[in-house]
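Work through the exercises below with the structure in view. Try each task before reading its solution.

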Amino acid sequence: MTDVTAQTLYVKKSGTNLQASDSAKSKVIATLSQGTSVQVIKKDSKFYQVSAGGQTGWIFKFKLTDKAPEKSGGDAGLLGALGGRQKIAANEASSGSSIRGLSPIAERHAKNKGIAEADIQAVKQMEAFHVDPKAMEAFLKEGKLGEYGQ
């Protein structure tokens with residue numbers, strides 16, 4: 001474990017849990033919004049001990065970034081992440097918010113290149129697929145993946 005002095009990081013995604021200890025299975029003491037600034041106190045292998053809004057807890061390190069959110073107004077939800085108040089680089093966004101699918105131009109290009117209609121429809125079906133955040137959390141927990149990994 002490494003003690004850190006005065007490092008400020010920011011929450012990447014709304015709904016990020018501030019945990020009571022350095023385990024995703026520990027009690028959730030707060031849920032933080034995208035762009036919330038946190039002061040890092042200690043760094044463990046997968047979790048950082050932080051203080052935010054007068055509370056101290058632990059956050060999975062990949063849910064934090066050193067890039068401060070832009071402040072230009074707008075919604076902090078999915079649409080906000082794509083073009084509003086808090087912009088995030090595509091490689092930092094959740095997969096659900098970073099997949100765009102086929103634009104009409106791309107679809108027309110695919111057809112002009114002879115891509116089979118069945119393949120285009122398969123892409124559209126993938127675009128329509130949505131994973132509920134709670135289901136995703138349960139999947140990660142059951143598979144011991146991400147913050148639940150050993």
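Four exercises follow, each with a worked solution.

The model is predicted, so local features need pLDDT of at least 70 and side-chain atom pairs pLDDT 80 or more, while totals for chains, interfaces and linings use all residues. Residues are numbered from 1 along each chain as its sequence is written, and side-chain values use heavy atoms, without hydrogens or water.

**Exercise 1. Lay out the chain.**
Task: List the helices and strands in order from the N terminus.

Solution.
- Step one: count. The chain has 5 helices and 7 strands. Helices (H or I, at least four residues) and strands (E, at least two) are DSSP runs, numbered from the N terminus.
- Step two: order. The elements run β-β-β-β-β-β-β-α-α-α-α-α.
- Step three: check burial. Of the 150 residues in the chain, 27% are buried. Buried means under 20% relative accessible area, exposed over 50%, and partly exposed in between (1.4 Å probe, protein chains only).

**Exercise 2. Find the largest nonpolar core.**
Task: Name its residues and the strands that supply them.

Solution.
- Step one: define. A nonpolar core is a set of buried Ala, Val, Leu, Ile, Met, Phe, Trp, Tyr and Cys residues joined through side-chain atoms within 4.5 Å.
- Step two: list. The largest such core has 12 residues: Leu9, Val11, Leu18, Ala30, Leu32, Val38, Val40, Tyr48, Val50, Ala52, Ile59 and Leu64.
- Step three: assign. Strands S1 (2-11), S3 (28-32), S4 (37-43) and S5 (47-52) each supply at least two residues. S5 gives the most, with 3 residues.
- Step four: look further. A second, separate core has 5 residues, including Ala24, Trp58, Phe60 and Tyr148.

**Exercise 3. Follow S5 into its partner.**
Task: Describe how S5 and S6 are joined.

Solution.
- Step one: pair. S5 and strand S6 (residues 55-60) run antiparallel, joined by 6 bridges. Two strands pair if DSSP finds at least two bridges between them.
- Step two: turn. The two strands form a hairpin with 2 residues between them. Gly53 in the turn has a positive phi of about 55°.
- Step three: match. Ala52 stands opposite Gln55 in S6.

**Exercise 4. Place one surface residue.**
Task: Is Met136 buried, partly exposed or exposed?

Solution.
- Step one: locate. Met136 lies in helix H5 (residues 133-142).
- Step two: classify. Met136 counts as partly exposed because its relative accessibility is 35%.
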